[in-house]
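Subject: The structure I promised you

Hi,

Here is the structure we talked about. Have a look at it first, and then read on for what turned up.

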Amino acid sequence: MTGGNSCCKLAANRLTLGLLLGAVLLLQVLSAARPPNIVLIFADDLGFGDLGCYGHPSSLTPNLDLLAAGGLRFTDFYSSCALCSPSRAALLTGRYQTRSGVYPGVFYPGSLGGLPLSEITIAEALKTQGYATAIIGKWHLGVGANGSFLPLQQGFDRFLGVPYSHDQGPCQNLTCFPPHTKCFGTCDQGHVLLPVFLNQRVIQQPVVFPDLVPLYQSFALEFISDSVQHNDPFFLYYASHHPHYPQFASSEFSGKSLRGPFGDVLMELDGSVGLLLQTLRKYGVENNTLLLFMSDNGPETLRMSRGGSSGLLKCGKGTTYEGGMRVPAIAYWPSKILPGVTHELTSTLDILPTLAALAGAPISNITLDGYDMSDVLFMGGKSKRNVMFFYPPFPKKYQGVFAVRYGKYKAHFFTQGAYQSETTPDQDCHITAMLTYHDPPLLFDLEADPSENYNLLEGGMTPEYLQLLKEIQREKENFESKMVYGESQMEKGTDPTLEPCCNPDCTSKPSCCHCA
């Protein structure tokens, strides 16, 4: 008995010490005279099982692995949607995409709509506190007439990148891997060749894929250098194209991976992370910079070995199964975030309120779906989030959310496959898995069964499960009763004349939209 009591006392003392240390760290963060710099890296179609630090045996991601070892790695982190545009809208606004109208599906080169200018983005919130702001890479929240929806209209001071997904334009004749390897597949036809923007103007069309990431890296270094020299806190949003189809890489990483082309682009993404860390150290700001890494949604398994891995999770992109919306995430801030792993329920929706709290930015008059996760980051504490709602990429108000995670449980009210999750052995993932309503819902214990293999109700309803379903149903009904759907931006349609062109007055579009 004495030995047992000693062990209990020791464990209690360690817990108390950990909480005290966490409280001290949080107090230091919140009381700092200068707000932190923020680097937010958003991967594209990166699966839960794709990184070395998440268990992939042949991915070469040493910088991300070191980031995870020295920071906080999340096991239960969710995107708001299993598709590009809506997930990006939710990240930047802290609001489900249904509120901002970024549904159904994604934006196209000639889309009439975009992220409404009335939405408050992370960049706009931070600018009120004197932040310099920049975005590099994939925007995918609309272009609009005269660039009315581009990042400079949404709180960013600088933009270098592509305004939509890099497969939304003919790619079959473009080089993706030097010296002469053409892009795999054809991408979308009938659109202008892929443009690269600097702020509001096209500077290159089509993109030179092997040179793109080195261009981004130079831009990032310049932005960080300028911000430090001007003594400005900075927010850098690096929305990587990697590892989205079609894969591409510079000569430094082409043919270097054990995983083939997909592995090469992972190495390039990882290399960019390493270069950003080196730059923060070079300018002496690493210890005052919060670096966040995450993915927009799960992998496009349709592409097989070129599409990524969900690991042990079910299905991938386009679905509301775990593989579609549970994503890798890492938070790193030396001396502020203790190294470790958290199993707390968190989301991309929580990024804006967390960053606003750290910067002291006022957001009290905004209806948010996210929570400040400072307790998780700095105290090893509990998440304020206990529920996650899963909307499909093409939501309908009369259907509501497809699934609800409540604590460790997840209930599927609707299930549906998706073409992006084709080719896996699991037929539930495929486009032939039609929309199915479940009454009672499918119920899974995600701690015991993260792969969603074993429906807890298969053996019949028990009083315990009946009570649990009542609680989940109550959360669902309360959430849906307060959801105000914004006007659909995608349903405004498209206009080919809005597609970006470096020669706007040329007459043989889209072929004449071509410049070095």
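Let's begin with a rule for helices: the expected span of a helix is 1.5 Å times one less than its number of residues. Keep in mind as you go that this is a predicted model.

Now try the rule on α6. This helix has 21 residues, so it should span 30 Å, and its end C-alpha atoms are 31 Å apart, which agrees.

Which residues of α6 are buried? Among them are Phe-209, Leu-212, Val-213, Tyr-216, Phe-219, Phe-223 and Ser-227. The cover over the buried residues of α6 includes the strands β4 (132-138), β5 (158-162), β6 (175-177), β8 (196-198) and β10, along with the helix α7.

Just past the end of α6, Asn-231 has a positive phi of about 60 degrees. Asp-232 sits in the loop that runs between α6 and β10 (234-239). Asp-232 counts as partly exposed because its relative accessible area is 28%, and partly exposed covers the range between 20% and 50%. Setting aside residues up to four places away in sequence, Asp-232 touches Arg-34, Asn-37, Gly-130, Ala-132 and Ser-227. If you want a feel for distances, pick Asp-232 and Gly-417: they are 185 residues apart in sequence, and their C-alpha atoms are 47 Å apart in space.

Next, the empty space. There is one cavity of 30 Å³ or more, and the largest cavity holds about 40 Å³. Its lining is made by Val-213, Tyr-216, Tyr-238, Ser-240, His-241, His-242, Leu-269 and Ser-272. Two elements, α6 (209-229) and α7 (260-282), each give two or more residues to that lining. Sorted by class, the lining of the largest cavity has four nonpolar residues, four polar ones and no charged ones.

The largest pocket has a volume of about 740 Å³. It is lined by 38 residues, and those closest to its centre are Leu-83, Gly-105, Phe-394, Tyr-419 and Gln-420. By class, the lining of the largest pocket splits into 17 nonpolar, 15 polar and six charged residues.

One last residue to click on is Thr-320, in the loop between β11 (289-295) and α8 (322-325). Is Thr-320 buried or exposed? Thr-320 is buried, because its relative accessible area is 5% and the cut-off for buried is under 20%. Beyond its neighbours within four places in sequence, Thr-320 is in contact with Met-325, Phe-390, Tyr-391, Pro-392, Phe-402, Lys-410, His-412 and Phe-414.

Have fun exploring!

How values were computed
Residues are numbered from 1 along each chain as its sequence is written. This is a predicted model: local features need pLDDT of at least 70, side-chain atom pairs count only at pLDDT 80 or more; totals for chains, interfaces and linings use all residues. Side-chain values use heavy atoms; hydrogens and water are left out. On a 1 Å grid over the protein atoms alone, a cavity is a set of points where a 1.4 Å probe fits but cannot get out, and a pocket is an open set with protein on both sides within 12 Å along at least five of seven lines; lining residues have an atom within 4 Å of a point. Grid points are joined across faces, edges and corners, and a volume is the space filled by probe spheres set on the points. Helices (H or I, at least four residues) and strands (E, at least two) are DSSP runs, numbered from the N terminus. Ala, Val, Leu, Ile, Met, Phe, Trp, Tyr, Cys and Pro count as nonpolar, Asp, Glu, Lys and Arg as charged, and the others, Gly among them, as polar. Buried means under 20% relative accessible area, exposed over 50%, partly exposed in between (1.4 Å probe, protein chains only). Contact means heavy atoms within 4.5 Å.
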